[in-house]
Amino acid sequence: MKNTNNRILRRGRILIAAVLVAVGGAACRPPVTSGYQGYFEGEFVQVAPALAGRLERLDVSRGDQVTAGEALFALEAGAEISARDE
């Protein structure tokens with residue numbers, strides 16, 4: 001009976017050691033990453049028209065990159081055209 005208990009303890013210790021070696025080996029490998037880690041900084045710019053009006057067309061959406069001078073939106077021009085024609 002004592003011999004059986006010793007075998008069970010020995011097998012348990014071997015099993016625990018094998019698990020610890022497997023976990024330790026997995027923890028030593030570098031993590032697999034795709035892309036870059038870290039954060040980006042940017043400048044937020046609030047854009048508004050010089051005159052109030054109804055939005056007729058929106059050419060960009062959130063997160064789009066734009067260049068200087070690119071049209072972002074178009075306002076309804078009916079009131080301005082009428083004022084000009086007067």
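**Pocket lining**

I started with what lines the largest pocket in this predicted model. Sorted by type, its lining residues come out as eight nonpolar, five polar and three charged. The lining adds up to 16 residues. I then asked myself which of them lie nearest the pocket's centre. I noted down Glu43, Val45, Val47, Asp64 and Val66. For the space inside, I got about 540 Å³.

**Layout of the chain**

Next I went through the secondary structure. How many helices and strands does the protein chain have? I found two helices and two strands. Reading from the N terminus on, I wrote the order down as α-β-β-α. Helix H1 covers residues 2-28, and strand S1 covers residues 55-58.

**How sure is the predictor?**

I checked confidence before going further. The mean pLDDT of the protein chain is 79, and 83% of the residues reach 70 or more. Where is confidence lowest, and where is it highest? I found the low end in helix H1, with a mean of 72, and the high end in strand S1, at 90.

**Surface**

Then I looked at how much of the chain is covered. The protein chain has 86 residues, and just 2% of them count as buried. The exposed area of the chain is about 8,800 Å². I also looked up what carbon and sulfur atoms contribute to that area, and their share is 57%.

**Salt bridges**

My last search went over the whole structure for salt bridges, and it turned up two.

One of them joins the side chains of Arg57 and Asp59, at 2.8 Å from N to O. Are these partners buried or exposed? Neither word fits, because partly exposed means a relative accessible area between 20% and 50%. Asp59 has 36% relative accessibility, so I put it down as partly exposed. Arg57 is at 41%, so Arg57 also goes down as partly exposed. I noticed that Arg57 falls within strand S1, residues 55-58.

The other one pairs the side chains of Arg84 and Asp85, at 3.4 Å from N to O. What about the exposure of this pair? Arg84 has 63% relative accessibility, so it counts as exposed. Asp85 comes to 55%, so Asp85 counts as exposed too. The cut-off I used here is over 50%.

Technical notes:
Residues are numbered from 1 along each chain as its sequence is written. This is a predicted model: local features need pLDDT of at least 70, side-chain atom pairs count only at pLDDT 80 or more; totals for chains, interfaces and linings use all residues. Side-chain values use heavy atoms; hydrogens and water are left out. On a 1 Å grid over the protein atoms alone, a cavity is a set of points where a 1.4 Å probe fits but cannot get out, and a pocket is an open set with protein on both sides within 12 Å along at least five of seven lines; lining residues have an atom within 4 Å of a point. Grid points are joined across faces, edges and corners, and a volume is the space filled by probe spheres set on the points. Ala, Val, Leu, Ile, Met, Phe, Trp, Tyr, Cys and Pro count as nonpolar, Asp, Glu, Lys and Arg as charged, and the others, Gly among them, as polar. Helices (H or I, at least four residues) and strands (E, at least two) are DSSP runs, numbered from the N terminus. Buried means under 20% relative accessible area, exposed over 50%, partly exposed in between (1.4 Å probe, protein chains only). Accessible areas come from the Shrake-Rupley method with a 1.4 Å probe; for residues, only the protein chains shown count as cover. pLDDT is the predictor's confidence in each residue, from 0 to 100. A salt bridge is a side-chain nitrogen of Lys or Arg within 4 Å of a carboxyl oxygen of Asp or Glu.
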